Amino acid sequence: MQNKVLVTGFEPFGGEPVNPAGEVLKLLDGKRLEGCQIVTQEIPTVRFLSLESLRSAVTREDPIVVISLGQAGGRSEITPERVAINVDDFRIPDNGGNQPVDEPVIEGAPAAYWSTLPIKSMVRAMRDAGVPASVSNSAGTFVCNHLFYGLMHFLATEGNARRGGFVHIPYMTEQARRLGEGNGLPVATMALGIETAIRAALTVREDLRETGGRLH
């Protein structure tokens, strides 16, 4: 494996002209943290095609850590996800027009996978840096969860030699105001939060044991 951290982010979806995850990628790409280089990959917001793009990027970059980012409109914090579930139940069509109902992400695979990132340490580090953050216990059932589950299944079949997981970020400030969805966060604040979370993912081996039992 290379001394790299792969960070992915989705393209815009749902009629939005921009996705904050893609904007954060622009600020992180090429940075060096804890002796590792950040490499980025935009992911299509399309069922199955998203997993193909992710697996291709992991194979190409051979990173030690993989963190996928997605937009969670209406949330006000950066929220590392705890668990991915093996179900696709899309509330809206994805960018390929797919809208599965109660279908597995991967047929015959386990019901769920835990993130292998130190999510509570990541939250603590972000809060210490002044970035609003909390653990989320539901990644939903749209393409974000689809990608999260597919990532964790892929890493598990490799033997979990690399750590990985998913982090939801809120709307950007101007986006949230335009949509009437709270205040959002500035892109620079979200980039700082993800950078801080990456540092924790690279340096913390045993996660904190403190409560993180809220719904999202």
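Two exercises with solutions follow, on the sheet and on the helices beside it.

This is a predicted model, in which local features need pLDDT of at least 70, side-chain atom pairs count only at pLDDT 80 or more, and totals for chains, interfaces and linings use all residues. Residues are numbered from 1 along each chain as its sequence is written, and side-chain values use heavy atoms, with hydrogens and water left out.

**Exercise 1.** Find the order of the strands in the sheet, and say which strands stand at the edges.

*Solution.* Strands (E, at least two residues) and helices (H or I, at least four) are DSSP runs, numbered from the N terminus. Two strands pair if DSSP finds at least two bridges between them.
- Start with E1 (residues 4-10): 7 bridges join E1 to E3 (residues 36-43), and the two run parallel. Phe10 has Ile43 as its bridge partner in E3.
- Add E2 (residues 32-33), which pairs antiparallel with E3 over 2 bridges. Here Arg32 stands opposite Gln37.
- The full order is E2-E3-E1-E4-E8-E5, an open sheet of 6 strands with mixed pairing.
- E2 and E5 (79-80) are the edges; each has a single partner strand, so one side of each lacks a neighbour in the sheet.

**Exercise 2.** Name the strands that helix H2 and helix H4 meet.

*Solution.* Contact means heavy atoms within 4.5 Å. Angles run from 0 to 180 degrees between N-to-C directions, with axes fitted to C-alpha atoms, for helices over the stretch in contact.
- H2 (residues 49-61) touches E1, E3 and E4 (65-71), at about 155 degrees to E3.
- H4 (residues 143-158) lies across E1, E3, E4 and E8 (163-169), at about 170 degrees to E8.
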